[in-house]
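Visitor: I am new to this structure and would like a close look at one part of it, a place where two helices pack together. Please take your time, and then place that part in its wider surroundings.

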Amino acid sequence: MFALMLIASVTTVFFLLRDALNTTLVALLYLIPLGIITALWGLGPGITSAFITFLTLNYFFIKPYYTFTVHQPADIVILVVFLMVAVVIGQLVGRAQAGLAAATAREREATQLYELSTALTGLQDEHAIGRILANQVHALAESEYLELYITGIEPFVYQLPERNPPERPPELIVPIEAARGVLGEIRLWRAEQAISLREQRLFQTFASQSALALERAWLARAESRARVLEESDRLKTAILSSVSHELRTPLSTIKAAASSLRGKEVSWDSPARVDLVAAIDDEADHLNMLVGNLLDMSRIESGALNPKREWNILPEIIGSVLARMKRLAVDHKLEVDVPESLPLIPVDYVQMEQVFTNLISNSLKYAPADTVVCIRARVEGESVHVQVSNQGPQVPQEDLERIFDKFYRTTAADRVTGTGLGLSICRGIIEAHDGHIWAENVADGLAFNFTVPLTWDGALPPPLPMDTEAE
Amino acid sequence: MSNAPHILVIDDEPQILRAMRTILTEKQFRVTTASRGEEGLTLAATTEPDIIILDLGLPDMEGVEVCTRLREWTQTPIIILSVRDSERDKVAALDTGADDYLTKPFSIEELLARVRVALRHSANRKGAQGAQSKVVKAGPITIDLAWHIVKRGEEEVKLTGTEHKLLAYLAANHGRVLTHQSILTHVWGQEDADHTEYLRVYMRQLRKKLEADPERPQFILTEPGIGYRFIADE
């Protein structure tokens, strides 16, 4: 349409200047709009325009005017040459044009592919990969419905838009294939416009790109799993060696004491007999504590700690721990500084006892004899803050966090026995209570701190029934 | 020997059975052993023991089920044995009728103390309602259950109604463990059976009035995760 208008306007201009121009010049000038038309609208309109121009040239500019008859032999030559040149130009320009279009299409595909692979780079999550692939294909194909199915350990389907697929089978199915086999497929519904070979090829490339990304993600996950396994294997070896060493110490004492009691070395009325029996008893308790620690640790590790919360009185817990530890604490002075007004706290009584037992026994182990171990508690905002401080050796700043790690021992390990589990059990229990635990160096020693919330699911302790009557 | 108390031990570990048999026989008890729940139930019915010691970790039956089935027909005291950290099982067994518990590993003194308490309570139960008029003494504390008088030394201790009810229940069952639920049900009523905070607060008040050092009680003892135990003079 525009081609016709262009020819008409050019013809008008030439017509007005007809007297000033000769026929040959007009024919030459006509080649300009012809070239433009072919360049703009392609080969078909170009050739058509060539024929129309041929007729207008003949009709308006070759004498006799306003007829298609030609009198001068020279004019015939002009017309024939013009037609040949016009057609040849049209074809040449048109072919160049088609080549350009193909190149542009290829470039667009390359860009889309580039965008896809950039988007997929570094993705470890198959859901994200699937979402990107589905969105890209859906947008490019302008499909009415698209379904992406990914197999694997946890297969999933991604649908665009999110509704039930059409009743009919999909127009195109592209498998997502990698070296390991088929990882899934893209199902595409598009009825209005048939899917061209070029599009199929493009989607196939998209699918293989995504297959690579999926495979990479799976491999990365497998690798990190392998690393975790290796780490836990290393830990287990550490546990075994630490545990068997720790268990053997009390066992040796028990065995030595029991066998000498059984044999004839110790006479029945010897005072050594009492010592040996006491050693067996103490070491059996020690052994029991070690096994208990191991059980606690495995429960924390498997996330099966589940505190049984109840409203408890902190001084009661501390009191029963201190009563039980009386024998261990003979060399130290224990001070308790807990205000009478401290509210009830929602904790598991037994687990909280465990925390105090471990923190206090740790303090007793490392702090020199005749020093003070102080237990202090205060309400701070929404939680209660408890501090167990001792006058023992300080811990280097960089190790303050690590002493709560499993099997981590400070350099004094050779002096002191223990599995290196006590503090990490404390951390497990406190964290299961939504609290926080940390250690800090204080002026004359080391302090363990922890907080536990004062509320239970946001609630304060229920009011007690009134009981004011005295008998 | 035939009138010596008879103890039935139900435990699946042969080493434990061997040790128990040796020690308890040495202490002049008659001992019968069973290694399975069903066998234990049969022996309980045929040998009529005075005390049953029951391990909660039997291979063929839940310990709680053994307790329930025993309590269907007998009031013989049951002392349960279990490992640490199974408070829920212990409480369930105690609330279904077991009388006391011991956590493995335990000392023989503890076992014998439990056995003595269980025997005394079962004797009281059989000997009509004699226990009602009793006076319980624990160190400087005297509790007259019939007259509702509590003294510390020569001085009378003023208790509120609830405190008195609580102390009376503890003292009447002295030596025995009482679960949170059983105390709450007995003192406050069935509807308050899960309000352990009442117990915490009232026990603290009682300790302040009765114990020399309320933080380190000698008579009103906490059984972590289970309940309380009142220790009186034997």
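Guide: Helix α6(B) and helix α7(B) lie oblique to each other, and this pair is a good place to begin, in what is a predicted model. In general, two packed helices are described by the angle between their axes and by the distance between those axes. Here the helices concerned are residues 161-172 and residues 180-187 of chain B, whose axes come within 10 Å and cross at roughly 130°. Angles over 145 degrees would count as roughly antiparallel and those from 65 to 115 as roughly perpendicular, so a crossing of roughly 130° falls in neither class, and the pair is called oblique. As for the sense of the crossing, α6(B) passes α7(B) in a right-handed way.

The residues that make this contact can be picked out on both sides: α6(B) contributes T162(B), K165(B), L166(B) and Y169(B), while α7(B) contributes I183(B), H186(B) and V187(B). Sorted by class, the contact between the two helices has 4 nonpolar, 2 polar and 1 charged residues. As a general point, an α-helix has 3.6 residues a turn, so residues three or four places apart point the same way.

Helix α6(B) also has a part in the meeting of the two chains, where 22 residues of chain B are in contact with 26 residues of chain A. On the chain B side, the elements that give two or more residues are α6 and α8 (196-210), and of the whole side α8(B) gives the most, with 6 residues. By class, that side of chain B has 5 nonpolar, 8 polar and 9 charged residues.

Stepping back to chain B as a whole, there are 8 helices and 12 strands, and buried residues make up 36% of its 234 residues. Of the contacts in chain B between residues at least 6 apart in sequence, 56% join residues at least 24 apart. One backbone detail is also worth finding in this chain: a cis peptide bond, with omega of about -5°, joins K104(B) and P105(B). P105(B) sits in the loop between β5 (100-104) and α5 (108-126) of chain B. In general, most peptide bonds are trans, and most residues other than glycine have a negative phi.

The partner, chain A, has 10 helices and 11 strands, with buried residues making up 26% of its 471 residues. Among contacts in chain A with a separation of 6 or more, 69% come from residues 24 or more positions apart.

Chain A has an α7 of its own, running over residues 271-301, and its 31 residues should span 45 Å at 1.5 Å a residue, which agrees with the 46 Å between its end C-alpha atoms. The buried residues of α7(A) are L276(A), N293(A) and D296(A), and what covers them includes α6 (197-262), α9 (349-366) and α10 (422-432) of chain A. L276(A) counts as buried because 21 C-beta neighbours lie inside 10 Å. Apart from neighbours within four places in sequence, L276(A) is in contact with A257(A), S260(A), L261(A) and V266(A); for L261(A), the separation from L276(A) is 15 residues in sequence and 7.6 Å in space, C-alpha to C-alpha. Just after α7(A), G303(A) takes a positive phi of about 70°.

Positive phi values also turn up in chain A at residues that are not glycine. One of them is D370(A), with a phi of about 65°, in the loop between α9 and β8 (372-380); with 9 C-beta neighbours inside 10 Å, D370(A) counts as exposed. Another is D457(A), whose phi is near 50° and which lies in the segment after β11 (445-453) of chain A; D457(A) likewise counts as exposed, with 7 C-beta neighbours inside 10 Å.

A last stop in chain A is A119(A), in helix α4 (residues 73-120), where 18 other C-beta atoms within 10 Å make the residue partly exposed. A119(A) and I129(A) are 10 residues apart in sequence, and their C-alpha atoms are 8.5 Å apart in space.

Notes
Residues numbered from 1 in each chain as written. Chains lettered and ligands numbered in written order. Predicted model: local features only at pLDDT ≥ 70, side-chain atom pairs only at ≥ 80, totals over all residues. Helix = DSSP H or I, 4+ residues; strand = E, 2+ residues; numbered from the N terminus. Expected span 1.5 Å × (residues − 1). Buried ≥ 20, exposed ≤ 12 C-beta atoms within 10 Å, placed from the backbone. Contact = placed C-beta atoms within 7 Å. Axes fitted to C-alpha atoms, helices over the stretch in contact; angles between N-to-C directions. Parallel < 35°, antiparallel > 145°, perpendicular 65-115°, else oblique. Left-handed = near helix turned anticlockwise from the far one by under 90°. Nonpolar A, V, L, I, M, F, W, Y, C, P; charged D, E, K, R; others polar.
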